[in-house]
Amino acid sequence: QLQLVESGGGLVQPGGSLRLSCAASGFSFENHAIGWFRQAPGKEREGVSCISSSGDRTNYADSVKGRFTISRDNAKNTVYLEMNSLKPEDTAVYYCAAQHLGDLACVIAGPSSHVMDYWGKGTLVTVSS
């Protein structure tokens with residue numbers, strides 16, 4: 001059964017850190033680019049970051065550059081999002097998604113929800129004092 005399962009969300013104070021995980025199963029993980037997206041209450045979903053199938057190339061939204069780091073472990077079928085220096089405006093439900101043969105799209109255009117093939121159900125991140 002095809003699955004993407006996010007974990008690691010929670011409540012953190014401004015300036016704090018969290019590490020999200022996205023565990024994949026049921027498809028050829030190593031042939032898929034993976035993206036992280038987020039949706040805050042009352043706002044549209046936005047792309048945060050994406051990583052190529054081999055993990056050698058990444059792309060970040062301007063709002064998270066220098067604070068977030070995406071990585072993947074293909075042996076574990078898992079992608080990570082390390083989030084540092086968190087701000088209240090980072091509060092959102094975070095989703096991971098997979099795109100088959102999506103390396104070029106990830107590198108050139110960054111994470112785009114319109115082209116992703118599979119989605120997880122999300123994990124909530126709340127940044128508040």
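These exercises work through the disulfides, the nonpolar core and three single residues of a predicted model.

Residues are numbered from 1 along each chain as its sequence is written. In this predicted model, local features need pLDDT of at least 70 and side-chain atom pairs count only at pLDDT 80 or more, while totals for chains, interfaces and linings use all residues, and side-chain values use heavy atoms, with hydrogens and water left out.

**Exercise 1. Find the disulfides of the structure and give their pattern.**

Step 1. Apply the cut-off: a disulfide is a pair of cysteine sulfur atoms within 2.5 Å. A search of the whole structure gives 2 disulfides.

Step 2. Name the pairs. Cys 22 bonds to Cys 96, with sulfur atoms 2.1 Å apart. Cys 50 bonds to Cys 106, with S to S at 2.1 Å.

Step 3. Count the bonded cysteines along the chain. The pattern is 1-3, 2-4.

**Exercise 2. Characterise the link of Cys 22 and Cys 96.**

Step 1. Take the torsion. It is about 70° around the S-S bond of Cys 22 and Cys 96, so this disulfide is right-handed.

Step 2. Place the ends. Cys 22 sits in strand S3 (residues 18-25) and Cys 96 in strand S9 (residues 92-100), so the bond ties together parts 74 residues apart in sequence. Strands (E, at least two residues) and helices (H or I, at least four) are DSSP runs, numbered from the N terminus.

Step 3. Check accessibility. Both Cys 22 and Cys 96 are buried. Buried means under 20% relative accessible area, exposed over 50%, and partly exposed in between (1.4 Å probe, protein chains only).

**Exercise 3. Do likewise for Cys 50 and Cys 106.**

Step 1. The torsion about the S-S bond is 105°, and the link of Cys 50 and Cys 106 is right-handed.

Step 2. Cys 50 belongs to strand S5 (residues 46-51) and Cys 106 to helix H1 (residues 103-109), 56 residues apart.

Step 3. Cys 50 is buried at 3% relative accessible area. Cys 106 is buried, also at 3%.

**Exercise 4. Which residues have the most contacts inside the largest nonpolar core?**

Step 1. Define the set. A nonpolar core joins buried Ala, Val, Leu, Ile, Met, Phe, Trp, Tyr and Cys residues through side-chain atoms within 4.5 Å.

Step 2. Read off the result. The largest core has 28 residues, and those with the most contacts inside it are Trp 36, Phe 68, Val 79, Leu 81, Met 83 and Tyr 94.

Step 3. Trace the suppliers. S3, strand S4 (32-39), S5, strand S7 (68-73), strand S8 (78-83), S9 and strand S11 (123-127) each give at least two residues to this core.

Step 4. Look at Val 79. Beyond four places in sequence, residues in contact with Val 79 (heavy atoms within 4.5 Å) include Cys 22, Trp 36 and Ile 70.

**Exercise 5. Is Asp 103 of helix H1 buried or exposed, and what is the nearest side chain of opposite charge?**

Step 1. Asp 103 is buried.

Step 2. Test for a salt bridge, a side-chain nitrogen of Lys or Arg within 4 Å of a carboxyl oxygen of Asp or Glu. Asp 103 has none; Arg 57 is the nearest side chain of opposite charge, 4.1 Å away.

Step 3. List the contacts. Leaving aside neighbours within four places in sequence, Asp 103 touches Ala 33, Ser 52, Ser 53 and Arg 57.

**Exercise 6. Describe the surroundings of Ala 109 in helix H1.**

Step 1. Ala 109 is exposed, at 62% relative accessible area.

Step 2. Not counting residues up to four places away, Ala 109 touches Asn 59 and Leu 104.

Step 3. The C-alpha atoms of Ala 109 and Asn 59 are separated by 8.3 Å.

Definitions and conventions. Lys and Arg count as positive and Asp and Glu as negative; His and the chain ends are not counted.
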